Every structure is written in C-alpha cells, then in structure tokens.
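Biologist: I'd like to go through this structure with you and ask how each label is earned. Could you show me the reasoning as we go?

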Amino acid sequence: MHGSGTFFDARFNEGNQYPVAAKSGSGNTRSTPDMITAKLAALHFYQLAIPAPKPPKGSFDETAAARGKEIFGGKGKCATCHVPPLFTEPGNNLHAPDEIGVDAFQADRSPTHKYRTAPLAGLWTHQKGGFYHDGRFATLGDVIDHYDTLSKLDLTQQEKGELIEYLKSL
C-alpha cells in the first residue's frame, strides 16, 4: 500500500486498534508523483472481469444441482447474501459476527470488525482446508447445517445434498 500513490483509509486512524498506523499517519498517504491511483480503475475492472474457473465435468450431479439452484434462491435463502451472478453481495458486503452466527475472533482482526460475504463462484476449487472465514467448517454440509440451524430453514437431508451439488457447480 505504500507505493508511489495515494492511500486513504480513516479506519487506520483508530489509535486503540491500530496504534502504529495512527501514530505514523499511514492511513492517509499521498505521494508525489502519484503513479498508482490513475491505474486503479483499469486494474479493478480487470480483476472483476476474470471469470471463475468452471468445475470439471462429472465433478457434481447436474440433475441434483439444478434442484439445488432452486433451494439456493428460495428456501435456503443463500442468494440473500450470495447474490448471483457474483455470488457475493454487491456494494457493502460486510456482516457483524452475530448476523452469521459465529464468534468475532477473526472479525476483530479487521478494521471493520465484520466478516465479508465470500464469493462462491469457483467454490469447487476450495475443497481442502475447511470452509468459512477461518476454516471452522470441515465440509460444505457443515456450513449448510450451520445456516439451517441459525436461520431455522428446516432443510431436509435431500435438499441439503442438492444444495451441496449446486455449490460444487458454481
């Protein structure tokens, strides 16, 4: 962040959470000449234009995934936050820990004390190491079980399985 450009993030002025940044003023850096800022729009566009990798043929049940898509956008309420086609929330995609039913351990390490809605496109590439912000859920089924309980969705085992197949298809 400290190249030859402009960087502004008022959150880093919070001395209790970021004492070093607040003291140094690194939350408001303005270099002359600014060799970065003019390039950021094109870089951001390029980053957003990179398509998520498609899952390998045969890596999910297409028929079950089609039913899972209906659950994702309906009874499962997944699309409330993981909005297609980005499969994250456009705009401010941050949530307090209690909104998503977890502790604040990881969130408290961020400037906002919140969790972001992770994009799900290409989720099939993240099958190792656990799911969620800190890997606390070993499987997609564990994530679905968490939200089923938290949001009182009353999903059947078949619906959960179909939802998993849909997630693997993204």
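Modeller: Happy to, and please keep in mind that this is a predicted model. Let's begin with a cysteine: Cys-81 has a relative accessible area of 24% and is called partly exposed.

Biologist: What makes Cys-81 partly exposed?

Modeller: Buried means under 20% and exposed means over 50%. The 24% of Cys-81 falls in between, so Cys-81 is partly exposed.

Biologist: And Cys-78, is that one buried or exposed?

Modeller: Cys-78 is buried. Its relative accessible area is 19%, and the cut-off for buried is under 20%, so Cys-78 meets the rule.

Biologist: How many disulfides does the model have?

Modeller: The count is zero. For Cys-78, the nearest cysteine sulfur is that of Cys-81, 9.3 Å away. Likewise, the nearest one to Cys-81 is that of Cys-78. A disulfide needs the two sulfur atoms within 2.5 Å, and 9.3 Å does not meet that, so Cys-78 is in no disulfide.

Biologist: Let's turn to helices. How do you know that the span of helix H2 agrees with its number of residues?

Modeller: Helix H2 covers residues 37-49, which makes 13 residues. At 1.5 Å a residue the helix should span 18 Å, and its end C-alpha atoms are 19 Å apart, so the two values agree.

Biologist: Why is H2 described as hardly covered?

Modeller: Buried means under 20% relative accessible area, and the count of residues in H2 that meet this is zero, so the helix is called hardly covered.

Biologist: What precedes H2 in the chain, and where is Pro-33?

Modeller: Pro-33 sits in the loop between strand E2 (28-30) and H2. The peptide bond leading into Pro-33 from Thr-32 is cis, with omega near 0°. There is another cis bond from Pro-84 to Pro-85, where omega is near 5°. Pro-85 is placed in the loop between helix H3 (62-73) and strand E3 (94-95).

Biologist: Which loop holds Pro-90, and what makes Pro-90 exposed?

Modeller: Pro-90 is in the loop between H3 and E3. Its relative accessible area is 57%, and exposed means over 50%, so Pro-90 is exposed. Along the chain Pro-90 and Thr-117 are 27 residues apart, while their C-alpha atoms are separated by 9.6 Å.

Biologist: Thr-117 brings me to the largest pocket. Which residues lie nearest its centre?

Modeller: Thr-117 is one of them, along with His-82, Ala-118, Pro-119 and Leu-120. The lining has 45 residues in total, and the space in the pocket is about 1500 Å³.

Biologist: Which elements give two or more residues to that lining?

Modeller: They are H2, helix H4 (97-100), strand E4 (115-116), helix H5 (140-150) and helix H6 (157-169). H5 gives the most, with five residues. By class, the lining has 28 nonpolar, 14 polar and three charged residues.

Biologist: Following H5 into the next loop, what is notable about phi of Lys-152?

Modeller: Phi of Lys-152 is near 50°, a positive value in a residue other than glycine. Asp-154 also has a positive phi, near 60°. Lys-152 lies in the loop between H5 and H6, and Asp-154 lies in the loop between H5 and H6 too.

Biologist: What makes Lys-152 and Asp-154 exposed?

Modeller: Exposed means over 50%, and Lys-152 has 71% relative accessibility, so Lys-152 counts as exposed. Asp-154 has 62%, so by that cut-off Asp-154 counts as exposed.

Biologist: Now the aromatic residues. Why is the pair of Phe-7 and Phe-12 called tilted?

Modeller: The ring centres are 6.2 Å apart, and a pair needs them within 6.5 Å, so Phe-7 and Phe-12 count as a pair. The planes are 40° apart; under 30 degrees would be stacked and over 60 edge-to-face, so this pair is tilted. Phe-7, Phe-12 and Tyr-18 form one aromatic cluster, and the model has six aromatic pairs.

Biologist: Is Phe-7 buried or exposed, and what about Phe-105?

Modeller: Phe-7 has a relative accessible area of 15%, and buried means under 20%, so Phe-7 is buried. Phe-105 has 57% relative accessibility, and exposed means over 50%, so Phe-105 counts as exposed. Phe-105 is found in the loop between H4 and E4.

Definitions and conventions. Residues numbered from 1 in each chain as written. Predicted model: local features only at pLDDT ≥ 70, side-chain atom pairs only at ≥ 80, totals over all residues. Heavy atoms only, no water. Helix = DSSP H or I, 4+ residues; strand = E, 2+ residues; numbered from the N terminus. Expected span 1.5 Å × (residues − 1). Buried < 20%, exposed > 50% of the residue type's maximum accessible area, 1.4 Å probe, protein only. 1 Å grid on protein atoms, 1.4 Å probe; cavity = no way out; pocket = protein on both sides within 12 Å on 5 of 7 lines; lining within 4 Å. Points joined across faces, edges and corners; volume = space filled by probe spheres on them. Nonpolar A, V, L, I, M, F, W, Y, C, P; charged D, E, K, R; others polar.
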